[in-house]
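This report describes a single protein chain, moving from selected residues to the chain as a whole. The sequence and structure are shown first.

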Amino acid sequence: MMAHDIAGGRVIAAMLKPCRDVGYEAAVCAEGPAFPVLAAEAAECLRQDWQEEMECADVLITGTSASADYDSNGWNAARDRGVGSVAILDASINLATRFRLSQPDWICALDDASRIELERLPSRRAQIVVTGQPHLERINRLVREQSRPSDRPVLVYFSEPVVAESGRKNDIGFEQFGVAQALLQTLTAESQLTLLIKPHPNEDTSLWHRWLASVNRPANVQVEVTGHDAVALLGAASGGAGMASMALVEAATVGLPVLALQPGRSRVPNPLIDASENIE
């Protein structure tokens, strides 16, 4: 099993138990942002050299990544050795980019919309099957098992690294700090409320602390930057908000009311957000 990006690492972590339940022994290899995810989730089966593990593999399961080369190297090596390969999608964005260098034997799509887009890939050789998203299913189970509702209403804002400190322009039409500011100014309920800012793993958290020190907030709203993991936050939250993060899909999956704020958007950043009936 291989992954490079954070989301791919989470998908692979979610697949460990199902693979073991049907009798497979898992060897997990990771590079880049996926490494700390899988080091925490699968330390007992984490391996250093995926090429060495491929020599005795019966099947290769990977995440997918915008960087593409790590996954495609694995698919190509598996094909050279006569080993079947399966790629599991974590989201339905940048599909052509994920498979621009190579394709596995099978691709697990999230839904029919992503299946249709995958079937249009140039020189498609992979078989496409709709399986859903294993990480979302795992999150749903864990949150229900570990739910710890707060006595005070808690809204979690799931951020994304749309712009960095440089303030560089983006092609979406909005950015994380402006959206958080707009959200904060709408929280005028008379009751006390906690707004938790959850930075994306690829964000510089110090930028959010700097934003928090300078932002005006309603008297009834307590604002904090949090480092808690998604399961703990979703288990304690009364609702979720953000822009286009997959964390919003996770929140909707566990039954929370969710608000996706995309003011002035110039393109659709995550089709799953638009497709969800549980996200406003």
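## A buried loop residue and its surroundings

With a relative accessibility of 11%, Ile 172 counts as buried. The model discussed here is a predicted one. Ile 172 belongs to the loop between S8 and H8. Which residues does Ile 172 touch, not counting residues up to four places away in sequence? They are Val 162, Gly 264, Arg 265, Ser 266, Arg 267 and Pro 269. For one of these partners, Gly 264, the separation from Ile 172 is 92 residues in sequence, while the C-alpha atoms are 8.1 Å apart in space.

Glu 175 is placed in the loop between strand S8 (154-158) and H8. Its relative accessible area is 25%; because values between 20% and 50% count as partly exposed, Glu 175 falls in that class. Between the C-alpha atoms of Glu 175 and Ser 159 the distance is 9.3 Å, and the two residues are 16 residues apart along the chain.

Ser 159 also appears among the contacts of His 200. Leaving aside neighbours within four places in sequence, His 200 is in contact with Ser 159, Glu 160 and Pro 161. His 200 itself sits in the loop between strand S9 (193-198) and H9. The C-alpha atoms of His 200 and Ala 68 are 21 Å apart in space, and these residues are 132 residues apart in sequence.

## Loop residues compared by accessibility

The table sets out loop residues with their relative accessible areas and classes.

| Residue | Relative accessible area | Class |
|---|---|---|
| Ile 172 | 11% | buried |
| Glu 175 | 25% | partly exposed |
| His 200 | 25% | partly exposed |
| Asn 94 | 46% | partly exposed |
| Ser 123 | 72% | exposed |

Asn 94 and Ser 123 also call for a remark on the backbone. Asn 94 has a phi near 55°, a positive value in a residue other than glycine. This residue lies in the loop between strand S5 (84-88) and H5. For Ser 123, phi is near 50°, again a positive value in a residue other than glycine. Ser 123 is located in the loop between helix H6 (112-119) and strand S7 (127-130). Its class follows from the cut-off: exposed means over 50%, and Ser 123 has 72% relative accessibility.

## Aromatic pairs

How many aromatic pairs does the count come to? The count is four aromatic pairs. In one of them, the rings of Trp 75 and Phe 99 have centres 5.5 Å apart and planes at 20°, so the pair is stacked. Trp 75 lies in helix H4 (residues 69-80), whereas Phe 99 lies in the loop between helix H5 (95-98) and strand S6 (106-109), so the pair ties together parts that are 24 residues apart in sequence. Trp 75 and Phe 99 are both buried.

Phe 177 and Trp 208 form a pair whose ring centres are 4.5 Å apart; the planes are at 45°, so the pair is tilted. Since Phe 177 lies in helix H8 (residues 176-186) and Trp 208 in helix H9 (residues 205-214), the pair ties together parts that are 31 residues apart in sequence. Phe 177 and Trp 208 are buried as well. Ring pairs also link Phe 177 and Trp 208 with Tyr 157 and Trp 211 into a cluster.

## The chain as a whole

The protein chain contains 12 helices and 12 strands. For 280 residues, a compact globule would have a radius of gyration near 19 Å, and the 20 Å of the protein chain agrees with this. Taken along the principal axes, the box filled by the C-alpha atoms is roughly 65 × 40 × 35 Å.

Of the 280 residues, 50% count as buried. Where contacts join residues at least 6 apart in sequence, 62% of them join residues at least 24 apart. The accessible surface comes to about 13,600 Å², and 49% of this belongs to carbon and sulfur atoms. As for charge, the protein chain has 24 positive and 36 negative charges, and the mean positions of the two sets are 2 Å apart.

How values were computed: Residues are numbered from 1 along each chain as its sequence is written. This is a predicted model: local features need pLDDT of at least 70, side-chain atom pairs count only at pLDDT 80 or more; totals for chains, interfaces and linings use all residues. Side-chain values use heavy atoms; hydrogens and water are left out. Helices (H or I, at least four residues) and strands (E, at least two) are DSSP runs, numbered from the N terminus. The radius of gyration is taken over C-alpha atoms; the globule rule is 2.2 Å times the number of residues to the power 0.38. Buried means under 20% relative accessible area, exposed over 50%, partly exposed in between (1.4 Å probe, protein chains only). Contact means heavy atoms within 4.5 Å. Accessible areas come from the Shrake-Rupley method with a 1.4 Å probe; for residues, only the protein chains shown count as cover. Lys and Arg count as positive and Asp and Glu as negative; His and the chain ends are not counted. The place of a charge is taken as NZ of Lys, CZ of Arg, CG of Asp or CD of Glu. Rings of Phe, Tyr and Trp (its six-membered ring) pair if their centres lie within 6.5 Å; planes under 30 degrees apart count as stacked, over 60 as edge-to-face and the rest as tilted.
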